[in-house]
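Thanks for making the time this morning. I would like to walk you through one model, so please have the sequence and the structure open while I talk.

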Amino acid sequence: CVLAPRLENFWIVGTAGSGREMSARHIHARSKCGSKRFESFDCNSIPTKLHFSELFGDENSGLWYRLNGGSLYLKNSENLSADSISKIEMIIAQKSRLKTEGKNIIISSEAENIHPQLSDHFNTGKIALPNFNQRRDDWLWLLKEILSEIAARIGIPALEITPVYSQHIMQKQWSNDFSEIREYLTKSLVSS
């Protein structure tokens with residue numbers, strides 16, 4: 001809430017399942033770009049040699065150009081191709097020099113081992129997420145967010161989480177991955 005309206009480049013560090021994409025969506029929603037598109041790209045989803053064409057494409061056909069002033073989220077950015085890193089660095093330098101209307105660039109990685117060129121530009125907006133079980137204070141908020149996201153996806157109204165249900169959830173032993181609790185909540189929501 002504090003950083004999103006003030007910055008355009010963000011770096012989220014956290015293990016798989018710690019909620020990096022959920023955090024990126026919240027940054028986008030609270031930023032100056034919140035009313036525009038949010039595009040997510042997992043750098044592990046396609047071969048490295050195709051990253052540049054997928055992101056920047058030929059003649060403005062890539063994800064970057066379809067944002068129309070929105071936010072681009074690059075998941076697992078430690079595996080981003082070298083030509084894409086160079087292009088992102090050029091875009092950031094050009095935005096700074098020309099003071100153009102910004103598009104957010106949000107990167108995430110499991111560790112702090114991203115390319116030094118990116119690290120220099122994204123350190124100011126760096127957010128480290130502990131794993132799910134180390135964030136017990138955030139659980140009620142996280143559960144509400146996950147539940148409303150699931151409800152929207154399956155097309156039903158979100159249910160209120162009662163104190164009894166939240167205690168039940170918090171007393172169970174969970175892995176450090178959101179996907180386990182997301183699956184549990186989906187089954188609960190469907191069965192209710």
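Before I describe any packing, let me fix one term: a crossing is right-handed if the near helix is turned clockwise from the far one by less than a right angle, and left-handed if it is turned anticlockwise. Please also keep in mind throughout that what you see is a predicted model.

With that term in hand, consider helix α7, residues 163-171, which packs against α8 at an angle of about 145°, the two axes lying 12 Å apart. The crossing in which α7 passes α8 is right-handed. On the α7 side the contact is made by Tyr-165, His-168 and Ile-169, and on the α8 side by Ile-181, Tyr-184, Leu-185 and Ser-188. Sorted by character, the residues of this contact are five nonpolar and two polar, with no charged ones.

Helix α8, residues 178-191, also meets helix α6, residues 139-154, and here the axes come within 10 Å and cross at roughly 55°. α6 is therefore oblique to α8. This crossing, too, is a right-handed one. From α6 the contact draws on residues including Leu-142, Leu-143, Ile-146, Glu-149 and Arg-153, while α8 contributes, among others, Phe-178, Ile-181, Arg-182 and Leu-185. The residues of the contact of α6 with α8 divide into 12 nonpolar, one polar and three charged. You will notice that Ile-181 and Leu-185 of α8 appear in the contact with α6, and that Ile-181 and Leu-185 are also listed for the contact with α7.

Let me turn now to the sheet. Five strands, paired in parallel, form an open sheet in the order β2-β3-β4-β1-β5. Its edges are β2, at 38-42, and β5, at 126-128, each of which pairs on one side only. On average, and ignoring direction, neighbouring strands of this sheet are turned by 15° against each other. For one pairing in detail, strand β3, residues 71-75, runs parallel to strand β4, residues 104-109, and is joined to it by four bridges. One of the residues involved is Ser-71, whose bridge partner in β4 is Asn-104.

Finally, a single residue: is Ser-84, which sits in helix α4, residues 82-98, buried or exposed? Its relative accessibility is 0%, and because buried means under 20%, Ser-84 counts as buried. Once its neighbours within four places in sequence are left aside, Ser-84 is in contact with His-51, Phe-52, Leu-55 and Phe-56.

Terms used. Residues numbered from 1 in each chain as written. Predicted model: local features only at pLDDT ≥ 70, side-chain atom pairs only at ≥ 80, totals over all residues. Heavy atoms only, no water. Pairing = 2+ DSSP bridges. Helix = DSSP H or I, 4+ residues; strand = E, 2+ residues; numbered from the N terminus. Axes fitted to C-alpha atoms, helices over the stretch in contact; angles between N-to-C directions. Buried < 20%, exposed > 50% of the residue type's maximum accessible area, 1.4 Å probe, protein only. Contact = heavy atoms within 4.5 Å. Parallel < 35°, antiparallel > 145°, perpendicular 65-115°, else oblique. Nonpolar A, V, L, I, M, F, W, Y, C, P; charged D, E, K, R; others polar.
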